[in-house]
Amino acid sequence: MADAKFVPLSSYHEYPVEEMKQRAATFYADMQRRRSVRHFSDRPVPREIIEDCLRAANTAPSGANMQPWHFVVVGDPAVKGQIREAAEKEEREFYARRASEKWLEALTPLGTDEHKPFLETAPYLIVIFSQRYGLTSDGQRIKHYYPAESVGIATGILITAIHNAGLVSLTYTPSRMGFLNEILGRPTNERPFLILVVGYPAHDAVVPSIRKKSLSEVATLL
Ligand SMILES: Cc1cc2nc3c(=O)[nH]c(=O)nc-3n(C[C@H](O)[C@H](O)[C@H](O)COP(=O)(O)O)c2cc1C
């Protein structure tokens with residue numbers, strides 16, 4: 001602590017209690033509208049919107065502030081095609097052999113299968129990598145703390161930022177993702193975390209009819 005340097009918390013802004021209540025309720029109402037979308041339009045999205053959403057994700061807290069994430073934004077149709085081809089190969093294996101009966105049963109209400117056209121239709125795939133350890137410019141390893149938790153939090157902020165901007169996303173996790181390092185040329189200290197498919201919904205997009213647990217089911221207030 002002796003060498004720690006501090007600056008005033010000038011970024012904090014206090015709201016009157018009534019305004020806080022309003023803000024919390026409004027934010028909840030807005031988040032309730034977020035859905036994972038699997039039918040995308042090919043309408044282009046300005047890249048600066050994606051960049052600002054990534055800036056928001058990059059503000060996330062992380063273990064010892066190591067920011068153990070890397071985001072690859074794929075807009076190139078040829079690269080999206082390569083990702084779709086490799087992902088669908090894994091998916092065919094998954095649905096035919098790798099998935100347990102129980103897993104397939106849990107997926108039934110979502111209506112998913114091995115076909116992933118959205119990987120080419122959506123304007124952007126944001127491939128999120130988790131860095132198991134960092135590397136200095138001369139190749140020394142830097143320890144990362146809680147990378148999974150940190151990348152999960154950053155991803156949550158990214159999903160929220162995309163929703164807030166007025167776009168939709170799909171959290172997509174092919175059952176094996178090693179092909180993403182190869183296609184995107186990422187180093188071995190990085191593990192694919194998930195693919196976030198981003199864009200406008202197709203005009204006839206539908207979503208599974210599912211319910212969310214109530215507050216009393218997911219929270220204990222002591
Ligand atoms: C870690 C994680 C992995 C997911 N993987 C997939 C996936 O591979 N394919 C898919 O269609 N949806 C995937 N989803 C989306 C979930 O199915 C979806 O969030 C859930 O059904 C709730 O629906 P909602 O997001 O519309 O509230 C994933 C979500 C999370 C958080």
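The points below describe a predicted model of a protein with a ligand, going from the overall fold to the ligand site, the salt bridges and a patch on the surface.

1. Overall fold. The protein has 8 helices and 6 strands, and these elements, read along the sequence, follow the pattern α-α-β-α-α-α-β-β-β-α-β-α-β-α. The C-alpha trace spans about 55 × 50 × 40 Å along its principal axes. When contacts between residues at least 6 apart in sequence are considered, 80% of them join residues at least 24 apart.

2. Burial and surface. Of the 222 residues in the protein, 34% count as buried. The accessible surface comes to about 14,600 Å², and carbon and sulfur atoms account for 54% of that area.

3. Ligand surroundings. Which residues surround the ligand? From the earlier part of the sequence come Arg34, Arg35, Ser36 and Arg38, and these are joined around the ligand by Leu110, Thr112, Leu170, Thr171, Tyr172, Thr173, Ile210 and Lys212.

4. Polar atoms at the ligand. An N or O atom in the side chain of arginine 34 is 3.0 Å from an oxygen atom of the ligand, and a polar side-chain atom of arginine 38 lies 2.6 Å from a ligand oxygen atom. Threonine 173 has a polar side-chain atom that lies 2.7 Å from a nitrogen atom of the ligand. On its own the ligand has 620 Å² of accessible area, of which the protein covers 68%.

5. Glutamate 88 in helix α3. Glutamate 88 lies in helix α3, which comprises residues 77-98. Is this residue buried or exposed? Glutamate 88 counts as buried because its relative accessibility is 12%, which is under the 20% limit used for that class. Leaving aside neighbours within four places in sequence, glutamate 88 is in contact with Glu114, His115, Lys116 and Pro117.

6. A salt bridge within the helix. The structure holds 11 salt bridges, and in one of them the side chains of glutamate 88 and arginine 84 meet with an N to O distance of 3.0 Å. Both residues belong to helix α3, where they are 4 residues apart, or about one turn of the helix. Arginine 84, at 21% relative accessibility, counts as partly exposed, whereas its partner glutamate 88 is buried.

7. A network of charged residues. Glu90, Glu93, Arg97 and Arg98 are linked in a network of salt bridges. Within this group, arginine 98 forms a salt bridge with glutamate 93, and the closest N and O atoms of the pair are 3.9 Å apart. Arginine 98 is partly exposed, with a relative accessible area of 27%, and glutamate 93 is also partly exposed, at 29%.

8. A salt bridge later in the sequence. Arginine 211 and glutamate 217 form a salt bridge in which the closest N and O atoms are 3.0 Å apart. Arginine 211 counts as exposed at 60% relative accessibility, while glutamate 217, at 46%, counts as partly exposed.

9. A nonpolar patch on the surface. Leu215, Val218 and Leu221 make a nonpolar surface patch of about 360 Å². Leucine 221, one of these residues, is placed in the segment after α8, the helix of residues 215-218. Why does leucine 221 count as exposed? Its relative accessibility is 75%, and the class of exposed residues begins over 50%, so leucine 221 falls within it.

Technical notes: Residues numbered from 1 in each chain as written. Predicted model: local features only at pLDDT ≥ 70, side-chain atom pairs only at ≥ 80, totals over all residues. Heavy atoms only, no water. Patch = residues over 30% accessible without salt bridge, like charges linked within 9 Å, V, L, I, M, F, W, Y side chains within 5 Å. Areas by Shrake-Rupley, 256 points an atom, 1.4 Å probe, with all protein chains shown as cover. Salt bridge = Lys/Arg side-chain N within 4 Å of Asp/Glu carboxyl O. Helix = DSSP H or I, 4+ residues; strand = E, 2+ residues; numbered from the N terminus. Buried < 20%, exposed > 50% of the residue type's maximum accessible area, 1.4 Å probe, protein only. Near = heavy atom within 4 Å. Polar contact = N/O pair within 3.5 Å; in protein donor to acceptor, adjacent residues only side chain to side chain. Contact = heavy atoms within 4.5 Å.
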